[in-house]
Amino acid sequence: MAVSYYTPVSYSPSYPFLLPPPLPLLTHRHASSSYSSYSPPLPSSSSSPRKLHVRHTCAASGVDAKPEVKLETRPMLPPYNVLITGSTKGIGYALAREFLKAGDNVIVCSRSAERVQEAVSSLRNEFGEQHVWGTTCDVRNGQDVKSLVAYAQKNLKHVDIWINNAGSNAYSYKPLAEASDEDLIEVVTTNTLGLMICCREAMKMMINQPRGGHIFNIDGAGSDGRPTPRFAAYGATKRSVVHLTKSLQAELRMQDVKNVVVHNLSPGMVTTDLLMSGANTKQAKFFINVLAEPAEVVAEYLVPNIRGIPASGSTRPTYIRFLTGLKAYTQIFSRIAFGARRNKYIVED
């Protein structure tokens, strides 16, 4: 199923170039009662204020006695204020565009000032200046992310949905023994350190927002624990995404924070520059043709599911997947049996 309440993941398709697990594992996952279908109810039209709970901590305990705002979550009414890191191209840009089509307000960001300017100009031409903002941000730099939060608060006042999409493979597909120091540092600091910094700053901001907020961490190849040869560092960092998300969920529960929820988001194989740069083996070409989809197609599916979570008022963590196990097996079977999608994106040998 595409959207499930968060539980330990027994299977998530490892998109770049890896065979899915045996079919019995897939059958077990879909038969398990630990996965619940998610169908958000329509948002309430009630405009009644939400009940706030204020808890003071004890100064003698060494904890800051500043009051913490707690609230009973209710359905959030759209439009939503959305911030997406790494959103000037690829799946990040496609997500931004889809949120704007739904009537939301969006902040895009990237390390490159030129790409930010191009993305903002293009989106404003299509959706108007009053719904799109953009700024530079290097997620590896704590001060940059703090400035991003300040920029969001200045222009949007609050952020309902924060999507951590920024990631890197240093456009390198080679054995770890051949990887340069620079490439390894680029991958690990962007995908792991950058994600931690963004989650930290997003949670700090959202805890103090009356509406709270939802954080979505995008997974990738390796997130299910399966090997990722030729991009081992990338796979290791994406495995850490799932662990970090679960740890943050546990921390928020320990702190009795109910208005901030951290989720996982799985776009599957997306025909971005990053993916296509590794399409130089027979196996890679096969799986890209069979399983990959354009960023626009993936975003059209993911955005309604993302928006449905705040609309429902749900405080349960979710794992939203575009490429489900059933879909992956169906497309692989169609290819083997009928030759479907052969040479769809790349001419195979």
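**View A. R230 is partly exposed, with a relative accessible area of 23%.** The model shown here and in the other views is predicted. R230 belongs to the loop that runs between β8 (213–218) and α6 (232–254). Its backbone has a positive phi of about 80 degrees, although R230 is not a glycine. Most residues other than glycine have a negative phi. R230 counts as partly exposed because its 23% lies between the limit for buried residues, under 20%, and that for exposed ones, over 50%.

**View B. A170 is a residue other than glycine with a positive phi.** The phi value of A170 is near 55 degrees. A170 is placed in the loop between β7 (161–164) and α5.

**View C. The peptide bond from P78 to P79 is cis.** Omega of this bond is near 5 degrees. In general, most peptide bonds are trans. P79 sits in the loop that connects β3 (68–71) with β4 (81–84).

**View D. Helices α4 and α5 cross at roughly 35 degrees.** Two packed helices are described by the angle between their axes and the distance between the axes. Here the axes of α4 (residues 142–156) and α5 (residues 181–207) come within 10 Å. The crossing in which α4 passes α5 is right-handed. On the α4 side, the contact is formed by G142, V145, K146, V149 and Q153, and these meet I197, C198, R200, E201 and M205 of α5. By class, the residues of this contact comprise 5 nonpolar, 2 polar and 3 charged.

**View E. E201 is a buried residue of the contact between α4 and α5.** E201 is located in helix α5. Its relative accessibility is 6%, so E201 counts as buried, the limit being under 20%. When neighbours within four places in sequence are left aside, the contacts of E201 are V145, K146 and V149. V145, K146 and V149 are among the residues that α4 brings to its contact with α5.

**View F. Helices α8 and α10 pack at an angle of about 115 degrees.** The axes of α8 (residues 282–291) and α10 (residues 325–338) are 9 Å apart. Because the range from 65 to 115 degrees is classed as roughly perpendicular, α8 is described as roughly perpendicular to α10. The crossing in which α8 passes α10 is right-handed. From α8, the residues F286, F287, V290 and L291 meet A328, Q331, I332 and R335 of α10. This contact has 6 nonpolar, 1 polar and 1 charged residues.

**View G. R335 is buried, with a relative accessible area of 7%.** R335 lies in helix α10 and takes part in the contact with α8. Leaving aside neighbours within four places in sequence, R335 is in contact with F286 and V290, as well as with A340, R341, R342 and E348. F286 and V290 are residues of α8.

**View H. The largest nonpolar core of the model has 48 residues.** In soluble globular proteins, nonpolar side chains tend to be buried together. Within this core, L95, F99, I163 and I306 touch the most other members. Helix α9 (residues 295–312) gives the most to the core, namely 8 residues. Around F99, and without its neighbours within four places in sequence, the contacts are V82, I84, D104, V106, I161, I163, V303, I306 and R307. A second, separate core has 29 residues, including V149, W162, I215 and V257. V149 also belongs to the contact of α4 with α5.

**View I. Y93 is buried in helix α2 (residues 90–101).** Y93 has a relative accessible area of 19%, which is under the 20% limit, and therefore counts as buried. Y93 touches S87, T88, A119, S122 and L123, not counting residues up to four places away in sequence. The C-alpha atoms of Y93 and A295 are 8.5 Å apart in space, whereas the two residues are 202 residues apart in sequence.

**View J. The whole chain contains 10 helices and 10 strands.** Of its 349 residues, 52% count as buried. Among contacts with a separation of 6 or more, 74% join residues that are 24 or more positions apart.

Terms used. Residues are numbered from 1 along each chain as its sequence is written. This is a predicted model: local features need pLDDT of at least 70, side-chain atom pairs count only at pLDDT 80 or more; totals for chains, interfaces and linings use all residues. Side-chain values use heavy atoms; hydrogens and water are left out. Axes are lines fitted to C-alpha atoms, for helices over the stretch in contact, and angles run from 0 to 180 degrees between N-to-C directions. Helices (H or I, at least four residues) and strands (E, at least two) are DSSP runs, numbered from the N terminus. A crossing is left-handed if the near helix is turned anticlockwise from the far one by less than a right angle, and right-handed if clockwise. Contact means heavy atoms within 4.5 Å. Ala, Val, Leu, Ile, Met, Phe, Trp, Tyr, Cys and Pro count as nonpolar, Asp, Glu, Lys and Arg as charged, and the others, Gly among them, as polar. A nonpolar core is a set of buried Ala, Val, Leu, Ile, Met, Phe, Trp, Tyr and Cys residues joined through side-chain atoms within 4.5 Å. Buried means under 20% relative accessible area, exposed over 50%, partly exposed in between (1.4 Å probe, protein chains only). Angles under 35 degrees count as roughly parallel, over 145 as roughly antiparallel, 65 to 115 as roughly perpendicular and the rest as oblique.
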